[in-house]
Amino acid sequence: MTDTVLVLGGRSDIGRAVAHRFAAAGHPVALAARNAADLEADRADIAIRHDVEATLHEFDALDTGALGDFVDTFDPVPGIVVSAIGAMGDQITSEADPAAAAQVMRINYEAPAQVLELFAARMAARGGGTLVGISSVAGDRGRAVNYVYGSAKSGFTAYLSGLRNRLWGTGVHVVTVKPGFVETRMTEGMDLPGALTARPEAVAETIFQAVARGRSVVYVKPVWRAIMIIIRAIPEPIFRRTRIGS
C-alpha cells in the first residue's frame, strides 16, 4: 500500500505543490489548513487529476491546545507527514512589535515542532514513518534583513536535527529541507535573484526525492549549500560589519 501523505500547511503554494507531486506518484493525500473547506477545489483537482484519494482536514497550527486531538483524528497515522507551516513576517514590524515577532517565531518554530513531535511519538510506536520539515537557509546564520524569521528557522533546523538523532533506530526518517528564495505568494513583490530562486514545484520534487532516497538534510538549490558554507565561515568581527542580505 502506498503511504498517505499529510501536508500541514496545505493552503500554501509549496504545500499544494507537494500534494500534487506525491499524488502523481500514487500517494493518497491529506491537506490540513485553517478554513480547510475553502480548499475543496484543490482537493478535487488532486483527486481527479491523479486518481488518488484526497481529503481535507481543519488545522490551526497555533492552537496548541488542540494539536493532540488533531493528530488523534488520524488512525492509522499517515506514513509521511510534511510540514509546510511558516510565514516570513516583516522584520521591521517584528523589531517594533514584540507580539508580531512572537507570531513569526511561533509559526516558524514552535507550531511545526510541536505537531511533528506528536506525530513522531506515534510513528515511533508503530515502528516507521517519515517526517519532513521545511526550514530555510535563513536559519544557517542570522542576518540583519530577517533575523527574527531566521532565528525561528534556526531553532526549527536544530529541532529536526535532534529529533532525527532521537529517532535513529526506530524506523522513523526525519528530513530537513532548506529552500532559498521561493517564488510564492509569500515573496510576491520582492526582487528575487533568478539564479537563486526556486519554484514551489522544485521544492516539492526535492522533498519527494529526499523521502524516496532516505536523505536527511537537503538544499533545494545546491548552490545555497556552498553560499551558506561561505557565509557561516566569515568571522564574527567581520560579519557584524557587513550588510549581507540587507
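## Strand β5 and its neighbours

β4 and β5 run parallel to each other and pair over four bridges. If you want a landmark in that pairing, look at Val82, whose bridge partner in β5 is Val132. Keep in mind as you look around that this is a predicted model. β5 also pairs with β6, again in the parallel sense, and here there are six bridges. Thr130 is a handy place to find this second pairing, since it stands opposite His173 in β6. To get from β5 to β6 the chain goes through α6, and the resulting β-α-β crossover is right-handed.

How many of the residues in β5 are buried? Six of its six are, so the strand counts as mostly covered. The cover applies to both faces. On one side sit Gly129, Leu131 and Gly133, on the other Thr130, Val132 and Ile134, and all of them are buried. Val132, the bridge partner of Val82, and Thr130, the residue opposite His173, are thus both on the list of buried residues.

## Salt bridges

A search of the whole structure turns up twelve salt bridges. The general idea is a familiar one: side chains of opposite charge can pair when their charged atoms come close. A few of the bridges are worth a visit.

Start with Asp13 and Arg16, whose side chains meet at 2.9 Å, N to O. Both belong to helix α1 (residues 13-24), and because they are three residues apart, about one helical turn separates them. Are these two buried or exposed? Asp13 is buried, with a relative accessible area of 18%, under the 20% cut-off. Arg16 has 23% and counts as partly exposed.

Next comes Lys178 with Asp140, where the closest N and O atoms are 2.8 Å apart. Lys178 lies in strand β6 (residues 172-178), while Asp140 is in the loop between β5 (129-134) and α6 (147-167), so this pair ties together parts that are 38 residues apart in sequence. Both Lys178 and Asp140 are buried.

Arg199 and Glu201 make another salt bridge, with 3.6 Å between the closest N and O atoms. Arg199 is partly exposed at 42% relative accessible area, and Glu201 is partly exposed too, at 47%. As for bridges that share partners, Asp13, Arg16 and Asp42 are joined into one network that way.

## Backbone oddities in the loops

Some loops have backbone geometry to check. Which residues does a cis peptide bond join? They are Asp75 and Pro76, and omega there is about 5 degrees. Pro76 lies in the loop that leads from α3 (67-72) to β4 (80-83), and β4 is the strand that pairs with β5 over four bridges.

Then there are positive phi values in residues other than glycine. Asn35 has phi near 50 degrees, and you will find this residue in the loop between β2 (29-33) and α2 (40-50). Asp51 has a positive phi of about 55 degrees, although it is not a glycine either. Asp51 is in the loop between α2 and β3 (54-58). Is Asp51 buried or exposed? Its relative accessibility is 70%, so it counts as exposed, the cut-off for that being over 50%.

Definitions and conventions. Residues are numbered from 1 along each chain as its sequence is written. This is a predicted model: local features need pLDDT of at least 70, side-chain atom pairs count only at pLDDT 80 or more; totals for chains, interfaces and linings use all residues. Side-chain values use heavy atoms; hydrogens and water are left out. Helices (H or I, at least four residues) and strands (E, at least two) are DSSP runs, numbered from the N terminus. Buried means under 20% relative accessible area, exposed over 50%, partly exposed in between (1.4 Å probe, protein chains only). A salt bridge is a side-chain nitrogen of Lys or Arg within 4 Å of a carboxyl oxygen of Asp or Glu. Two strands pair if DSSP finds at least two bridges between them. A crossover is right-handed if, with the strands pointing away from the viewer, the path from the first strand over the helix to the second runs clockwise.
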